[in-house]
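Please open the model in your viewer and keep the selection panel at hand. The stops below are meant to be taken in order, each with something to select and something to look at.

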Amino acid sequence: MDLEEVAGRAFDWVGSVAVAADGGLGWLEDGARFDDLYAGTAGVLLGCAEATAAGIGTGQIPAGARDRLRYLAGQGGAAMADDGVFTGWAGVAVALRAWSRAAGDEAAAEAAAQVTAQIAGRVLAAADGPAGCTDIISGDAGILLALIADGSATAARAAHALADRLVAAAEPGPDGPHWRMTADWPYIMPGFSHGTAGTAYALAAAGQALDRADLLDAARRGAGTLLAIGQHDDGWAVPVAVPPRPTGLAVMYGWCHGAAGTARLFVLLDEIDPQPRWRRAIDACIQALRDSRLPLRLYPGYWDNLARCCGTAGVGQLLLDRYQATGDPALLDWAGTLAADVAGRAVITPQGITWSNTEHTATPPELPPQPGFMQGAAGIAGWLARLHALRSWAGEPASVPRPGPAWF
């Protein structure tokens, strides 16, 4: 079965588990319906956007997901838990905007602008308030990225306010500034999803979009912190937590806490301000991923996740980005090796293909399949669709469209 068929059948399964929701379709995780980018409707629509950009159809799924998100945009306020990218309203805007780019859907673009305007209004109304959560997942850094993607004057004013708040929230340390997820969080997580790498990425992106050298300087200093703390005997990677937690892995390699996410900061800085140290850091991240021996399962709990957040697909997505940037065929071949492993671990059902992540401490260890973007079939299938497109594209690798943002 080739990747095009695997991706298509995965969306067949995603469609088969959809449930009716006000305005359109929704999806369940552990029996609860979510509309967010991480596990719910927005993430399903983002996966559909990736597949559509790669030339793979997804049936009626995107219409149902888009209509649901447009309905929510009309409700406003408490219809989502918060304004976060992966947990709330900002992710709705991200998904609608990605679908608009992939499918030429002007109604989706209008709904994305409506959602962003609502977020911007709430940010400006609370601009003088204390900093809350700072991170990419649900905090100011992720919301900042959604605001600068909008381009409106109101969104820009809100972005300036959030950026100022993030700079003020930096915590000085012996190696440079860190960002703690919340002021009372017991430890620092330097990686992309909850800490310094992701927040510095957002500040770098905002510095470029808003023409603010001070934000770029803050991002560079945050990157310098990561360079100072990221060297380990078992390969270059930032620690999961500072100080180390008493249980759990000290080093991870995925998008959320490891080299596959941290690399994105160095890539962006190298695009904005090319320097040898950023290039060396990118190469070190790629080497760390090689040294991890992915996709081998060296022991229980090692590379048991296949998805975009903390698993194989998130690493594969970075490899495709670097292939498109460099044209290095070895990166495409490596992504193909990862894809073959993921396809070989697929769960075949009468409704289509899905995947089950593994938790070695659970009984049974195979977790229930999920339809969402960051831990489920929509995100895995979107990555496989993009890999298929890059393998079959007749033009230059860089010409293959990517409808979603570059930060995942």
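Begin by selecting Leu 298, which lies in the loop between α11 and α12; helices (H or I, at least four residues) and strands (E, at least two) are DSSP runs, numbered from the N terminus. At 39% relative accessibility, Leu 298 counts as partly exposed, on a scale where buried means under 20% relative accessible area, exposed over 50%, and partly exposed in between (1.4 Å probe, protein chains only). Before going further, note that this is a predicted model, in which local features need pLDDT of at least 70 and side-chain atom pairs count only at pLDDT 80 or more, while totals for chains, interfaces and linings use all residues. Residues are numbered from 1 along each chain as its sequence is written, and side-chain values use heavy atoms, with hydrogens and water left out.

Now add Leu 249, Leu 296 and Tyr 299 to the selection, since together with Leu 298 these residues make a nonpolar surface patch of about 350 Å². Patches are made of residues with over 30% relative accessible area and no salt bridge, like charges being joined within 9 Å and nonpolar side chains (Val, Leu, Ile, Met, Phe, Trp, Tyr) within 5 Å. The accessible areas come from the Shrake-Rupley method with a 1.4 Å probe, and for residues only the protein chains shown count as cover.

Stay in the loop between α11 and α12 and select Trp 303, which is found there. Trp 303 has a positive phi of about 55 degrees although it is not a glycine, and at 7% relative accessibility it counts as buried.

The next residue to pick is Arg 308, whose side chain meets that of Glu 50 in a salt bridge (2.8 Å, N to O); the term stands for a side-chain nitrogen of Lys or Arg within 4 Å of a carboxyl oxygen of Asp or Glu. Arg 308 lies in the loop between α11 (276-291) and α12 (312-326) and Glu 50 in helix α2 (residues 41-53), so the pair ties together parts that are 258 residues apart in sequence. Arg 308 is buried at 2% relative accessibility, and Glu 50 is buried with a relative accessible area of 5%.

From Glu 50, extend the selection to the whole of α2, which has 13 residues and reaches 18 Å from its first C-alpha to its last, close to the 18 Å expected at 1.5 Å a residue; the expected span is 1.5 Å times one less than the number of residues. This helix is mostly covered, with 12 of its 13 residues buried, among them Thr 41, Leu 45, Cys 48 and Ala 53. Just after α2, Gly 55 takes a positive phi of about 85 degrees.

How many salt bridges does a search of the whole structure find? The search finds 17, and another one to display joins Arg 386 and Asp 321, whose side chains meet at 2.7 Å, N to O. Arg 386 lies in helix α14 (residues 377-392) and Asp 321 in helix α12, so this pair ties together parts that are 65 residues apart in sequence. Both Arg 386 and Asp 321 are buried, and salt bridges that share partners join them with Arg 264 and Arg 402 into one network. For a further pair, select Arg 279 and Asp 270, where the closest N and O atoms of the salt bridge are 3.5 Å apart; Arg 279 is partly exposed at 34% relative accessibility, whereas Asp 270 is buried at 15%.

Move next to the open sheet of 3 strands, which has the order β1-β2-β3 with antiparallel pairing. Two strands pair if DSSP finds at least two bridges between them, and the edge strands, β1 (19-21) and β3 (32-34), each pair on one side only. Strand β2 (residues 24-29) and β3 pair over 3 bridges, and Trp 27 stands opposite Phe 34 in β3.

Finish with the backbone. A cis peptide bond with omega of about -5 degrees joins Val 242 and Pro 243, and Pro 243 is found in the loop between α9 (213-229) and α10 (259-272). The peptide bond from Thr 363 to Pro 364 is cis, with omega near -5 degrees, and Pro 364 is found in the loop between β5 (352-354) and α14.
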